[in-house]
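Visitor: I am new to this structure and would be grateful for a close look at a single part of it. Please take the time to connect that part with its surroundings.

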Amino acid sequence: MRKSITSGLVAAAALGCLSALSPAAMAATGAAEVSSAPTVAAASCVEVVRWYTNWPDKFVEVKNNCGSTACFSVTVAANRDPEFSIGAYRQQSFRYGGALWTSGTGIKNIGC
């Protein structure tokens with residue numbers, strides 16, 4: 001009985017791999033790559049100008065180079081990443097943490 005369950009699982013995994021390589025699955029992944037292109041363009045919209053501390057708070061100054069509102073989060077180790085949005089063609093500072101927080105390591109673009 002145990003051998004038949006194992007062989008059934010192996011057969012199901014093999015069929016799953018074959019279905020992942022089917023033309024429909026490849027077309028779906030190709031469509032996903034095409035649809036991810038706008039997010040790559042949006043990713044280059046927000047850029048970090050500088051990181052600074054105004055005791056006791058930590059700030060990041062960012063600039064939005066696009067014509068629409070962009071949303072981003074600040075990557076902070078061992079803490080929840082705070083999320084912000086910035087208007088089109090603006091440069092603005094955001095407070096992302098206090099004195100006990102670690103410094104931010106970068107920004108991630110997120111959907112608004």
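Which strands form the open sheet, in what order do they stand, and is the pairing parallel or antiparallel?

Guide: The model shown here is a predicted one. Its open sheet is built from three strands in the order β1-β2-β5, and the pairing is antiparallel. The edges are taken by β1, residues 46–54, and β5, residues 91–97; each has a single partner strand, so one side of each is left without a neighbour in the sheet. On average, neighbouring strands of this sheet are turned by 25° against each other, direction ignored.

To place the sheet, it helps to follow the chain as a whole. The protein chain contains three helices and six strands. Read from the N terminus on, its elements run α-α-α-β-β-β-β-β-β. The chain has 112 residues, of which 23% are buried.

The pairing of β2 with β5 can be described in further detail. Strand β2 covers residues 57–64, and six bridges join β2 to β5, the two strands running antiparallel. Within this pairing, K63 stands opposite Q91 in β5.

Aromatic side chains come next. A search of the whole structure finds five aromatic pairs. In one of them, the ring centres of Y52 and F59 lie 5.3 Å apart and the planes meet at 10°; planes under 30 degrees apart count as stacked, and so this pair is stacked. F59 is buried, with a relative accessible area of 17%, whereas Y52, at 23%, is partly exposed. Y52 has a further companion: R50 lies over the face of the Y52 ring, at 4.1 Å from the ring centre.

A second aromatic pair leads from the sheet to another strand. F84 and F94 form a tilted pair, with 4.9 Å from centre to centre and 35° between the planes. F84 belongs to strand β4, residues 83–86, and F94 to strand β5, so the pair ties together parts that are ten residues apart in sequence. Both partners are buried: the relative accessible area is 17% for F84 and 8% for F94. F72 is also involved, since ring pairs link F72, F84 and F94 into a cluster.

Covalent links also belong to this picture. The model contains two disulfides. One of them joins C45 to C66, with an S to S distance of 1.6 Å. The torsion about the S-S bond of C45 and C66 is about -80°, so this disulfide is left-handed. C45 lies in the loop between α3, residues 37–43, and β1, while C66 lies in the loop between β2 and β3, residues 70–76; the pair therefore ties together parts that are 21 residues apart in sequence. C45 has a relative accessibility of 7% and counts as buried.

The other disulfide is formed by C71 and C112, whose sulfur atoms are 2.0 Å apart. With 120° about the S-S bond, the link of C71 and C112 is right-handed. This pair links distant parts of the chain, 41 residues apart: C71 is in strand β3, and C112 is in the segment after β6, residues 104–110. The two ends have opposite settings, for C71 counts as buried at 12% relative accessibility, while C112 counts as exposed at 72%. When the bonded cysteines of the protein chain are numbered in sequence order, the pairing is 1-2, 3-4.

One residue outside the sheet completes the tour. D81 lies in the loop between β3 and β4. With a relative accessible area of 19%, D81 is buried; the cut-off for that class is under 20%. A polar atom of the D81 side chain lies 3.2 Å from the backbone nitrogen of V76. The D81 side chain also makes a polar contact with the side chain of K108, at 3.1 Å.

To return to the part you asked about, the open sheet keeps the order β1-β2-β5. The buried residue F94 in its strand β5 is paired with F84 of β4.

Key: Residues numbered from 1 in each chain as written. Predicted model: local features only at pLDDT ≥ 70, side-chain atom pairs only at ≥ 80, totals over all residues. Heavy atoms only, no water. Pairing = 2+ DSSP bridges. Helix = DSSP H or I, 4+ residues; strand = E, 2+ residues; numbered from the N terminus. Axes fitted to C-alpha atoms, helices over the stretch in contact; angles between N-to-C directions. Disulfide = S-S within 2.5 Å. Buried < 20%, exposed > 50% of the residue type's maximum accessible area, 1.4 Å probe, protein only. Phe/Tyr/Trp six-rings, centres within 6.5 Å; stacked < 30°, edge-to-face > 60°. Lys NZ or Arg CZ within 6 Å of the ring centre and 35° of its normal. Polar contact = N/O pair within 3.5 Å; in protein donor to acceptor, adjacent residues only side chain to side chain.
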